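Me: Please take a close look at one helix of this model, its packing partners and the parts around them. I would like one connected account, with each term explained where it comes up.

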Amino acid sequence: MIDPKLLRTDPDRIRRSEIARGGSGEVVDQLLSADESRRSNIQAFETMRAEQKELGKQVAKAQGEEKQQLLARTKELAANVKAAQAAADEAGRNYDELMKQLGNLVIEGVPTGGEDDGEVIETIGQPRDFAAEGFEPRDHLELGEMLGAIDMERGAKVSGSRFYFLTGVGAQLEFALSQFAMAKVLEWGFTPMIPPALVKPSAMEGTGFLGQAAADVYHLENDDLYLVGTAEVPLAAYHSDEIIEAAKLPLHYAGFSPAYRREAGSYGKDTRGIFRVHWFDKWEMFVYCDPADAEAEHQKLLNFEKEFITALELPFQVLDVASGDLGLSAARKYDCYAWLPTQNRYREITSTSNCTQFQARRLNIRQRKDGEVSPLATLNGTLCAMTRMIIMLLENHQQADGSVHVPEALRPYMGGLEKLTPRA
């Protein structure tokens, strides 16, 4: 959540942010009213409670008719105090629910607009000219089937649509990517982690995934647990309700976990192959830091993503994501889009978000600095979403005969293999 003090001192700043996100800003007016109601009800309760305590002292000293009058007043006041407490609690719940609807404050300079309005800030590498090479590129599924790497038919048979098996060199590719990712995060100073893929509602809500993204998450009702759509969730909740000494910051974690997504609203989109699926494995980077260092840490995460993609010899672009496409927790987000030859366009493969203090406030994560306790900042960044990275490797590195060039960076983790060859 945002700093509650800002609601009273600069509501227009919050209103501008909500409008930039594509909202109306009306929630700010509702919050101001709810805040006034909450405070007035609390004040009324505290006033009556103080009177109740004073009456209690007077009753102890009174006698006779005076005592009976005071007791009658005490009984009447007790009912009023109970009603005032209920009103204050209800006003507090209303205020809290409205606060949860607010997105993080959009950082100044973020492009305005929606999904298609992100600003390309960098293009790295050059897409291949397959026509000049004399052949039409095959899509990743055709290549995957030729190589014996992807089995969608049996994935659907076993689990339903948007599920798959990675087989043979497909499985090898995932493990090679994972080992390469492990080597890089260790080189960059991250602590590797394997977090739980099931989390409590508090973790999901604290990271902002039970707001606008609630329809996309899997909920196990009997256990009241959620399957995570990203390791960001357990990594963010790892230090919930803790105070971290500032001298220990920044903390850098890298988590490997499965990611489960309903893909709600994606009916008919990217139905072929493994681009948009209900489950995939992913390496996610996560940072806890002093808020003053958050923007610098954000650039570091983006640079790590760029280094990883470049090592895989993929052409890509970096986008500064538009305000209306940020998601609840992000104040700024950079996406990397790799070139997808058969679609003749760039598609998203990584994302890194600066969540400032938003998640830390919701999860009650604070730092102790110079004797004072205050919320810290959190950031996250995709290092490798396996299915999409495999797609990009197959399509961009394919040869006319259906074989696929293995980037040099992956060869040590592929037993020295330099190319993947179609099955006979």
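Reply: A residue is called buried when its relative accessible area is under 20%, exposed when it is over 50% and partly exposed in between, using a 1.4 Å probe and protein chains only. This is a predicted model, in which local features need pLDDT of at least 70 and side-chain atom pairs count only at pLDDT 80 or more, while totals for chains, interfaces and linings use all residues. Residues are numbered from 1 along each chain as its sequence is written, and side-chain values use heavy atoms, with hydrogens and water left out.

The part to start from is helix α6, residues 140-147, where helices (H or I, at least four residues) and strands (E, at least two) are DSSP runs numbered from the N terminus. Within α6, the buried residues are His140, Leu141, Leu143, Gly144 and Leu147. They lie on the same side of α6, because they cover an arc of only 160° around the axis, the arc being that of the directions from the helix axis to the C-beta atoms. An α-helix has 3.6 residues a turn, so residues three or four places apart point the same way. Against these buried residues pack the helices α7 (152-159), α8 (169-187) and α13, together with the strands β2 (150-151), β17 (404-405) and β18 (419-420). Just after α6 comes glycine 148, whose phi is positive at about 70°.

Among these partners, α13 (residues 386-396) can be described in detail: its axis comes within 9 Å of that of α6, and the two cross at roughly 85°. Such axes are lines fitted to C-alpha atoms, for helices over the stretch in contact, with angles running from 0 to 180 degrees between N-to-C directions. The crossing therefore makes α6 roughly perpendicular to α13, a term for angles of 65 to 115 degrees, whereas those under 35 count as roughly parallel, those over 145 as roughly antiparallel and the rest as oblique. From α6, His140, Leu143, Gly144 and Leu147 meet Ile391, Leu394 and Glu395 of α13, contact meaning heavy atoms within 4.5 Å. By class, this contact holds four nonpolar, two polar and one charged residues; Ala, Val, Leu, Ile, Met, Phe, Trp, Tyr, Cys and Pro count as nonpolar, Asp, Glu, Lys and Arg as charged, and the others, Gly among them, as polar.

The loop between α13 and β17 holds histidine 397, which is buried, with a relative accessible area of 5%. Leaving aside its neighbours within four places in sequence, histidine 397 is in contact with Arg128, Leu312, Glu313, Leu314, Met392, Ser403, Val404, His405 and Pro407.

Two loop residues elsewhere offer a contrast in burial. Aspartate 224, in the loop between β6 (218-220) and β7 (225-227), has a positive phi of about 50° although it is not a glycine, and this aspartate is partly exposed, with a relative accessible area of 39%. Asparagine 344 sits in the loop between β12 (332-340) and β13 (345-354); its phi is near 55°, again positive in a residue other than glycine, and asparagine 344 is exposed, with a relative accessible area of 56%.

A last backbone feature is the cis peptide bond joining leucine 249 and proline 250, with omega about 0°, and proline 250 lies in the loop between β8 (243-245) and β9 (251-260).
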